[in-house]
Amino acid sequence: MTTPGRTGLILDEPLLFERSRPGRPGPAVETPDVPEADPARVLGAALRDDIEDFPELSEIDVVRHYTRLSQWNYSIDAGLYPLGSCTMKYNPKLNEVAASLPGIIDVHPLTPDAGVQGLLGMAWELEQILCEISGLDRVTLQPAAGAQGEFVGMKMIRAYHAARGEGERNRVLIPDTAHGTNPASAALNGMEVVEVRSGEDGILHPELIRPLLDDRTSALMLTNPNTLGLFESHVEEVSRLVHEAGGLVYLDGANMNALMGVAKPRDMGVDVMHFNLHKTFSTPHGGGGPGSGPVAIRNLLAPYLPVPVVRKERDSYRLDDELPHSIGRVHAFLGNAGIWVRALAYIRTLGAKGLYEVTELAVLNANYVLEELRDVYDVPRDGRVMHECILSDARQQDAGVTTADIAKRLMDKGFHPPTIYFPLVVSGALMIEPTETETLETLDEFVAAMREIAEESRDEPELVTGAPSRPKVTRLDEVRAARRPRLRWKPPESE
Ligand SMILES: Cc1ncc(COP(=O)(O)O)c(C=O)c1O
């Protein structure tokens with residue numbers, strides 16, 4: 001049996017089952033002075049009295065157990081979360097307060113429009129702001145994630161070509177540096193995915209795309225900045241070529257914290273794009289949602305917007321379901337309202353100047369980390385990066401140290417690891433996105449930890465290959481854990 005709490009540096013915590021003592025009571029409730037309800041009547045079939053080994057503990061034991069576990073959770077409120085492509089930045093608590101106001105959380109989704117004018121007004125306002133940031137004409141807030149935004153955008157592109165009698169345009173060109181969800185969203189729409197190789201410098205070049213364009217071209221789906229953290233500097237010319245061939249340009253705009261306030265997607269030739277509100281505009285990404293992936297479009301795609309759309313009439317707002325060519329409804333009601341309320345609060349707090357500064361700082365911080373580490377880690381594609389930078393384990397491999405080892409050793413040093421082995425175009429990639437919310441001191445601490453690991457990899461590689469040493473569960477047999485997971489606790493004697 002293990003002791004609770006911290007044993008030296010080892011975090012350990014027994015299960016409640018292991019702490020159980022037969023007959024130990026939980027909270028004591030005074031004998032009621034009203035007749036007792038029959039639990040079977042209240043709970044019906046849900047009532048069980050045969051739970052084997054149900055743990056018996058005092059209230060304080062239970063409280064401490066969960067409190068200790070919660071303290072082991074690594075979160076953005078606990079420290080830097082440099083997870084590239086996920087934009088795990090600090091989210092101001094003010095936005096949480098805004099999203100938890102009773103007028104927002106207590107609203108019944110079927111309330112008639114007249115009863116939710118404030119909420120519809122906020123949806124309208126956010127749509128206008130996203131139009132301004134993107135330079136595009138209309139926005140739908142419905143998609144519940146970036147990937148769903150992609151799916152919706154591609155569906156609208158299909159509807160557009162079909163309405164023009166060009167339904168055979170079914171090919172989507174996707175660079176090898178695109179986010180992984182892009183080909184999946186195109187394929188789910190029944191489109192054929194054609195991979196475009198990027199140049200040696202990690203970006204797309206007009207001559208690489210020209211031979212792939214023809215009258216089957218439906219769209220180019222571009223992640224910009226791409227997953228190498230690089231700005232697609234030929235984007236205008238590439239978009240022109242796609243348009244000339246009759247295709248449309250889709251932008252994966254999940255990385256807008258590298259562009260907003262500085263560059264507008266419309267000026268790059270973009271016809272349709274999605275935002276990740278839960279990356280760029282305050283809600284934490286990760287944990288599987290909920291999220292919000294609004295789609296912005298040029299007017300030529302407006303007939304196909306999902307329903308309902310928000311309409312402003314003089315000073316009031318209403319939801320409109322009458323859109324005959326709409327691709328349909330893609331989410332219940334108007335998407336995840338809590339997420340877009342947070343985004344609006346974030347944008348309104350910062351203002352246009354603040355958003356510009358967010359972009360500046362996100363880019364500055366990523367370049368700072370890159371410059372501070374480039375003499376000890378391999379930099380697979382050189383040049384100025386945008387909001388994230390990519391390193392690799394190429395210089396540590398001779399000592400038998402891999403990217404996974406470096407990531408695990410970072411945990412010993414108190415940091416969440418960065419994204420690893422992505423993007424796929426770089427072998428052993430470490431994808432670091434410090435985000436704009438971190439101070440210089442935090443960035444320096446992270447850099448120092450990474451430099452220590454580089455040093456250890458050279459002088460004492462077993463420290464790195466044996467990491468992590470602090471967590472209760474250290475190195476897992478990953479294959480066994482996946483193939484033969486132990487999902488239920490059993491008393492030791494029955495194992
Ligand atoms: C560039 C990019 N595109 C698309 C997505 C997909 O977004 P979601 O996870 O909300 O589906 C992500 C997620 O991080 C992303 O970074």
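This report walks through the ligand site, three helix packings and some backbone features of a predicted model.

## Around the ligand

Let's start with the ligand, which has 15 residues surrounding it. The closest of these are Ser85, Gly146, Asp252, His278 and Lys279.

Two of those closest residues also place polar side-chain atoms by the ligand. For His278, a polar side-chain atom sits 2.6 Å from a ligand oxygen atom. For Lys279, the corresponding distance from a polar side-chain atom to an oxygen atom of the ligand is 2.8 Å. Asn276 joins in as well: an N or O atom of its side chain is 3.0 Å from an oxygen atom of the ligand.

## Helices H7 and H8

Gly146, one of the residues closest to the ligand, is also where helix H7 (residues 146-163) begins. The axis of H7 comes within 9 Å of the axis of helix H8 (residues 181-188), and the two cross at roughly 40°. Angles under 35 degrees count as roughly parallel and 65 to 115 as roughly perpendicular, so H7 and H8 are oblique to each other. Their crossing is right-handed.

Which residues make this contact? From H7 come Ala147, Glu150 and Phe151, while H8 supplies Thr181, Asn182, Ser185 and Leu188. Sorted by class, the contact of H7 with H8 holds three nonpolar, three polar and one charged residues.

## Helix H14 and its two partners

Helix H14 (residues 440-459) packs with helix H12 (residues 337-373) at an angle of about 30°, and their axes are 10 Å apart. Because angles under 35 degrees count as roughly parallel, H12 is roughly parallel to H14. The crossing of this pair is right-handed. On the H12 side, the contact is made by Asn365, Tyr368, Val369, Glu372 and Leu373; on the H14 side, by Leu440, Leu443, Asp444, Phe446, Val447, Met450 and Arg451. By class, that gives eight nonpolar, one polar and three charged residues in the contact of H12 with H14.

How do the axes of H13 and H14 cross? For helix H13 (residues 403-412) and H14, the axes come within 10 Å and cross at roughly 125°. H13 and H14 are therefore oblique to each other, and H13 passes H14 in a right-handed crossing. Ile406, Arg409 and Leu410 of H13 meet Phe446, Ala449, Met450, Ile453 and Glu456 of H14. This contact has six nonpolar, no polar and two charged residues. Phe446 and Met450 appear in the contact of H14 with H12 and again in the contact of H14 with H13.

## Backbone features in loops

Now for the backbone. Most residues other than glycine have a negative phi, and most peptide bonds are trans. With that in mind, three places are worth a look.

A cis peptide bond links Val307 to Pro308, with omega about -5°. Pro308 belongs to the loop between strand E9 (295-297) and strand E10 (309-313). Another cis peptide bond runs from Ala467 to Pro468, where omega is near 5°. Here the loop in question lies between helix H15 (461-465) and helix H16 (478-483), and Pro468 is found in it.

Is the phi of Tyr421 positive or negative? It is positive, near 55°, in a residue other than glycine. Tyr421 lies in the loop between strand E13 (419-420) and strand E14 (429-432).

Terms used. Residues are numbered from 1 along each chain as its sequence is written. This is a predicted model: local features need pLDDT of at least 70, side-chain atom pairs count only at pLDDT 80 or more; totals for chains, interfaces and linings use all residues. Side-chain values use heavy atoms; hydrogens and water are left out. Axes are lines fitted to C-alpha atoms, for helices over the stretch in contact, and angles run from 0 to 180 degrees between N-to-C directions. Helices (H or I, at least four residues) and strands (E, at least two) are DSSP runs, numbered from the N terminus. Angles under 35 degrees count as roughly parallel, over 145 as roughly antiparallel, 65 to 115 as roughly perpendicular and the rest as oblique. A crossing is left-handed if the near helix is turned anticlockwise from the far one by less than a right angle, and right-handed if clockwise. Contact means heavy atoms within 4.5 Å. Ala, Val, Leu, Ile, Met, Phe, Trp, Tyr, Cys and Pro count as nonpolar, Asp, Glu, Lys and Arg as charged, and the others, Gly among them, as polar. A residue is near a molecule or strand if one of its heavy atoms lies within 4 Å of it. A polar contact is a pair of N or O atoms within 3.5 Å; within protein, one must be able to donate a hydrogen and the other to accept it, and residues adjacent in sequence count only if both atoms are side-chain atoms.
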